[in-house]
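Visitor: I'm new to this. Could you walk me through the structure once it is on the screen?

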Amino acid sequence: MSATLPPQFEVIDRPLDTQMTISMGPQHPSTHGVLRLELILDGEMVVKSTPDIGYLHTGMEKLFEYKKYQQGIVITDRMDYLNPLGNNLAYVMAAEKLLGLEIPERAQTIRVLMCELQRIASHLVWLGTHALDIGAMTVFFYAFREREKILNLIEAASGGRLTPSYFRIGGLMMDLPSGFERRVQQFLNDFPEALEEFHTLLSGNRIFQKRTQGIGYISAEDAIDWGLAGPCLRGSGVNIDIRRTNPYTGYEKYDFEVCVEQDGDVWARYMVRMREMKESHKIVVQALSRLQPGPVKADAPKVVLPDREAMKTHMDALIHHFLIVAEGFDVPEGEVYHPIEASKGELGVYMKSNGGPKPARVHFRGPSFVNLSALPQMAEGCMVADIVAIIGSLDIVLGEIDR
Amino acid sequence: MGLEQKIAEVLPDVLTARLDSLINWARKSSLWPATFGLACCAIEMMNATSSRNDLARFGSEVFRASPRQADVMIVSGRVSRKMAPVLRRIYDQMPEPKWVISMGACATSGGVFDNYAIVQGVDKIVPVDVYIPGCPPRPEMLIHAVMMLQDKVSKESVRDRKDVPRDEAREAVPPGTLPAGGISATNEAAAQEEQPRPYTIPSRHERRRSS
Amino acid sequence: MSKELENKGQTNVQAETTPSNSVTPSPLVAALRREKPDWAGEVIEAFGEVTVIVPRENILEICSYLKTAPSFEFNFLADLCAADRGPEEEPRFEVNYHLFSITKHHRLRLKVLLNDDDPHVQTVTGVWRTANWHERETFDLMGIIFDGHPDLRRILLPDDWEGHALRKDFPLRGYEPYSLT
């Protein structure tokens, strides 16, 4: 047919302005917190995305300078609130590095155990919310059901579900309660089945695969350049795990595999985290078998609080307790940077001390902060629904980004 | 069919009740929260909706993402200065009747963070009905707070709540700039003669000790 | 570099009781001194970590060199943060660059000292793109200006905030409490 249009239709030759700027605002069900994205959209396709953060800025780094070292542990819980034991560990280990303390064997084993349980809990929240954003609501409930078991364990040990503050400078707050090993064993027996359930629900699901494969690709060089760490980096094929490269708390004695995938998209990061949960399960089994009775606090009376019994009966313990709580202990001058492998990546603590009881500067290198900065690169040319999937795969926690 | 027959036998054909009771019963049994999870308390709120502590059995079946469809705003988490105008704007976008639960120590009073960045208490921005202490409060505490709010709702009267009058709405000041009292600055006179707002009705949980 | 790795691993697990200002420098420091002796103004080795204080003018050169040189290969910028020594100290600010090598697994800290009246330093966004947000945060909270940064504006504090919050002379509770009006 000839392409002559009837005279009443004219051909518009100038390009239509089809781009609009949308604010995916701070209050949004899928942004995993108060994150604001400025999206420039061409129809449904994202041309440019700019994260706007700071809606949860809490001034924690300034608060640390006004609190003694022991008091600061409580604030670290609220930073990455899905992995509070990891934050505690990073802060406490940096202070221990400055002080030069030697941590007893049992405390190190318990630290590994609790950290790996916390890693599983954090990945469960990631799984639940990621699947919920993509549309699989059942997984949310199943994941939180498993997480309740872990929270009960952490609460039994430390008293707090979400903000345990279990680690202290020099060891732990107190020893594990009796019957704890049995409860952990119970959880370990039930968990592989639950993991299988998640795989059944999601990994073989064509809808989930279509929504995650090929989305949010980032190459290995770009990932290193943008400073990604943790599952985001391992999903792009780079084999870096701080538990292997700069081991801490005795991680070099445990046998676990570093999970690496080559694809670099949302699906790869999903598979890395699922496999990591399995590896954490393995580590907890090993840690549980290594538990030997022993002290849980380092032998440093000027730094570590004495036992309550000793405090009530011995004069020097009472004096030490009073001085540590009222005045704090002096930490030698210097600066350290201590990185750990948190569930989201490299959580680094830069701690600088001027020799007093309060730190001069504490800076947390939050992995989510750096992971989010790579979002504009990952989100080029995808659709709005894919942004939700990408944010989910980055596993961001705004408390850590905004500190 | 046995229960229905029993009811049909025992009760009369026409029942009378106070209008307030019926409306309050409907309102309190389906309080839909707006998702306003900010920080760690949001995770506990998510735990409260998950299967172990199920908030949905108290009527909060769905958490509406849009504030236009929500009844209660559960402010869970610390409110930073950058977020405060956003909070006020979301509150203003909710239609009456609306309530606010301030969950956690940070929303109630600033919590651990007494510094430049955090608003010391969300009641400086929006009027609050129920305060929940804790850092973070257990999910059971959130459920208790929802039940307290239901008690409060059941004591209200339909006559008390008014929507903002039309002429006041037309010359409304931009959201986020209202004084903390919540009264439009241009309609002071009308505001003076209003009935006291329902959130000053003391419920039995608010018995004040002698100051 | 395996001896380096073992050194650092051991230090992390069971720290020595005194900070080590060891007489025998680690291989990293030795390589630095050998290859570019005029840059390494001051090398401090304490707590198992190596800190190099570099002059402000050379920072871009040093970073580019460290990223590509075969004995260093620091292709990962782990952290970029600043510290305020206090308004009476000269120099007042220090900017720390924490580098990590993906291939060789060693770490290094570069430190640049800045005065109060001239807190400018070259941006390293061209070397590692991750420095973009770190420098914005440092500018926001400390007031250090990075010359050549593509987009230097506030990131954490509100855009109309006055002052830099993490400086030692900024009060903890701010200047005035929050009010809506």
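Guide: Sure, starting with a term: helices (H or I, at least four residues) and strands (E, at least two) are DSSP runs, numbered from the N terminus. This is a predicted model, where local features need pLDDT of at least 70 and side-chain atom pairs count only at pLDDT 80 or more, while totals for chains, interfaces and linings use all residues. Residues are numbered from 1 along each chain as its sequence is written, and chains are lettered from A and ligands numbered from 1 in the order in which they are written.

Visitor: How many helices and strands does the secondary structure of chain A come to?
Guide: Chain A's C-alpha atoms fill a box of roughly 105 × 45 × 35 Å along the principal axes. Inside that box, the count for chain A is 17 helices and 8 strands.

Visitor: What percentage of the residues in chain A is buried?
Guide: Buried here means that 20 or more other C-beta atoms lie within 10 Å of a residue's own; exposed means 12 or fewer, partly exposed is in between, and C-beta atoms are placed from the backbone. Chain A has 403 residues, and the buried share is 57%.

Visitor: Which strands are the edge strands of the open sheet with the order 1-2-3 in chain A?
Guide: Two strands pair if DSSP finds at least two bridges between them. In this sheet of 3 strands the pairing is antiparallel. Strand 1 and strand 2 (residues 36-42) of chain A, for instance, are joined by 6 bridges, with Ile22(A) opposite Leu39(A). An edge strand pairs on one side only, and here that gives strand 1 (19-24) and strand 3 (45-52) of chain A.

Visitor: Which strand pairs with strand 6 of chain A over 9 bridges?
Guide: Look just past the end of strand 6 (residues 334-342) of chain A, where a hairpin of 2 residues leads into the next strand. Gly334(A) has Ser353(A) as its bridge partner there. The two strands run antiparallel, and the partner is strand 7 (residues 345-353) of chain A.

Visitor: How many residues of strand 6 of chain A are buried?
Guide: In a regular strand the side chains alternate between the two faces of the sheet. Gly334(A), Val336(A), His338(A), Ile340(A) and Ala342(A) point one way, and Glu335(A), Tyr337(A), Pro339(A) and Glu341(A) point the other way. Both sets are buried, so with the cut-off of 20 or more C-beta atoms the count for strand 6 of chain A is 9 of 9.

Visitor: Which element of chain A gives the largest share of the side that touches chain B?
Guide: Two residues are in contact if their C-beta atoms, placed from the backbone, lie within 7 Å. On that basis 25 residues of chain A meet 27 residues of chain B. Helix 1 (60-64), helix 2 (69-77) and helix 5 (137-158) of chain A each give two or more residues. The largest share, 4 residues, comes from helix 5 of chain A.

Visitor: And which element of chain C gives the largest share of the side that touches chain A?
Guide: This contact takes 37 residues from chain C and 42 residues from chain A. Helix 1 (2-13), strand 3, strand 4 and helix 4 of chain C each supply at least two of chain C's residues. The largest share, 6 residues, belongs to strand 3 of chain C.

Visitor: Where does strand 3 of chain C sit in its sheet, at an edge or in the middle?
Guide: The sheet is an open one of 5 strands in the order 1-2-5-4-3, with mixed pairing. Strand 3 of chain C pairs with strand 4 of chain C in the antiparallel sense over 8 bridges, and Asp79(C) stands opposite His98(C). Strand 3 of chain C pairs on one side only, which places it at an edge.

Visitor: Which helix of chain A do the buried residues of helix 4 of chain C pack against?
Guide: Helix 4 (residues 131-142) of chain C has 12 residues, and 12 of 12 are buried. Helix 4 of chain C lies across strand 3 and strand 4 of chain C. Its buried residues pack against strand 3 (76-84), strand 4 (93-100) and strand 7 (145-147) of chain C, and, in chain A, against helix 14 (367-373).

Definitions and conventions:
The expected span of a helix is 1.5 Å times one less than its number of residues. Axes are lines fitted to C-alpha atoms, for helices over the stretch in contact, and angles run from 0 to 180 degrees between N-to-C directions.
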